[in-house]
There are 2 protein chains.
Amino acid sequence: MPVDDETFEKLRLELRRGSLVLAVLATLKVERYGYTLRGELADAGLAIDEGALYPMLRRLESQGLLTSEWREEEKRNKRFYRLSGAGAVLLETLAAEWRAINASLNRLL
Amino acid sequence: MPVDDETFEKLRLELRRGSLVLAVLATLKVERYGYTLRGELADAGLAIDEGALYPMLRRLESQGLLTSEWREEEKRNKRFYRLSGAGAVLLETLAAEWRAINASLNRLL
């Protein structure tokens, strides 16, 4: 039985999902608005759809990990996000967890 | 607003979920039954509950990535799992994806 594209895509997304949260938190140590955040993630090789990024930002903010603020820049209102104090603590813990998972996978692969 | 344990645990699980599939597929290049598979994952630092492992094995088998076979060993019937041909192809692709995600996260963290 060959593996269909949908199965692969599902597993690939599962593999990326957790990492994307970590990437977003790490990038938001410095304040950004959505468009530049997305560009920066894409430059790092972690492209993410707007339809996935904005709900994630709202979720992370509702969890207390990010703060956001509307501000005018270049005559346009933009919503700027940055890591909260609690988010910074969680980022360190998650990054340590990620390094541990990494070490484990390196042993197994 | 402090981050509650539930939020942290949710993000931690999200980070592990995709990696666990990769770890299970990698470990099953060699045939194993559930108990030894779980032990091996735990030894590698990726402990997983039985209640999570067995549904994952069934799902991976239904996706065509694993095959399984009941066999008697030490007078007990055990279900042995191993990577299918399609699973081996997918493992390589997922492992490459994981290395790419890794490189991206290393840049960002």
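Two strands count as paired here if DSSP finds at least two bridges between them. With that in hand, the sheet of chain A is easy to read: three strands form an open sheet in the order β1-β3-β2, with antiparallel pairing. This is a predicted model, and its two chains, A and B, meet through an interface to which 40 residues of each contribute contacts. Here is a quick tour, from the single chain to the pair.

**Chain A at a glance**

- Chain A holds four helices and three strands, and from the N terminus on these elements follow the order α-β-α-α-β-β-α.
- Along the principal axes, the C-alpha atoms of chain A fill a box of roughly 55 × 30 × 25 Å.
- Of the 109 residues in chain A, 30% count as buried.
- If you look at contacts in chain A with a separation of 6 or more, 43% of them link residues 24 or more positions apart.

**The sheet in chain A**

- The edges of the sheet are β1 (32-33) and β2 of chain A, since each of these strands pairs on one side only.
- Strands β2 (residues 66-73) and β3 (residues 76-83) of chain A are joined by eight bridges and run antiparallel.
- Two partners are handy for finding your way along this pairing: Leu66(A) is bridged to Leu83(A) in β3(A), and Trp70(A) stands opposite Arg79(A) in β3(A).
- The hairpin of β2(A) and β3(A) leaves two residues between the strands, and Glu74(A) takes a positive phi near 50° there.

**The sheet strands in chain B**

- In chain B, β1 (residues 32-33) and β3 (residues 76-83) run antiparallel and are joined by two bridges; Tyr33(B) stands opposite Phe80(B) in β3(B).
- Strand β2 (residues 66-73) of chain B pairs with β3(B) in the antiparallel sense over eight bridges, and Trp70(B) has Arg79(B) opposite it in β3(B).
- A hairpin with two residues between the strands is formed by β2(B) and β3(B), and Glu74(B) in its turn has a positive phi of about 50°.

**Helix α4 of chain A**

- How well does the span of helix α4 (residues 85-108) of chain A agree with the expected one? At 1.5 Å a residue, its 24 residues should span 34 Å, and the end C-alpha atoms are 35 Å apart, which agrees.
- The buried residues of α4(A) are Gly87(A), Leu90(A), Leu91(A), Leu94(A), Trp98(A), Ile101(A), Ser104(A), Leu105(A) and Leu108(A).
- A general point helps when reading such a list: an α-helix has 3.6 residues a turn, so residues three or four places apart point the same way.
- Within chain A, the buried residues of α4(A) pack against α1 (5-27), β2 and β3; across the interface they pack against α1 and α4 of chain B.

**How the two chains meet**

- The contact between the chains involves 40 residues of chain B and 40 residues of chain A.
- On the side of chain B that touches chain A, α1 (5-27) and α4 (85-108) of chain B each supply at least two residues.
- By class, that side of chain B has 24 nonpolar, ten polar and six charged residues.
- A turn of 180° with a shift of 0.0 Å along the axis lays chain B on chain A with an RMSD of 0.0 Å. The two copies are therefore related as by a two-fold rotation axis.
- Because 100% of the interface residues of chain B are also interface residues in chain A, the copies meet through the same surface.

Notes: Residues numbered from 1 in each chain as written. Chains lettered and ligands numbered in written order. Predicted model: local features only at pLDDT ≥ 70, side-chain atom pairs only at ≥ 80, totals over all residues. Contact = placed C-beta atoms within 7 Å. Nonpolar A, V, L, I, M, F, W, Y, C, P; charged D, E, K, R; others polar. Least-squares fit on C-alpha atoms with pLDDT ≥ 70 in both. Expected span 1.5 Å × (residues − 1). Buried ≥ 20, exposed ≤ 12 C-beta atoms within 10 Å, placed from the backbone.
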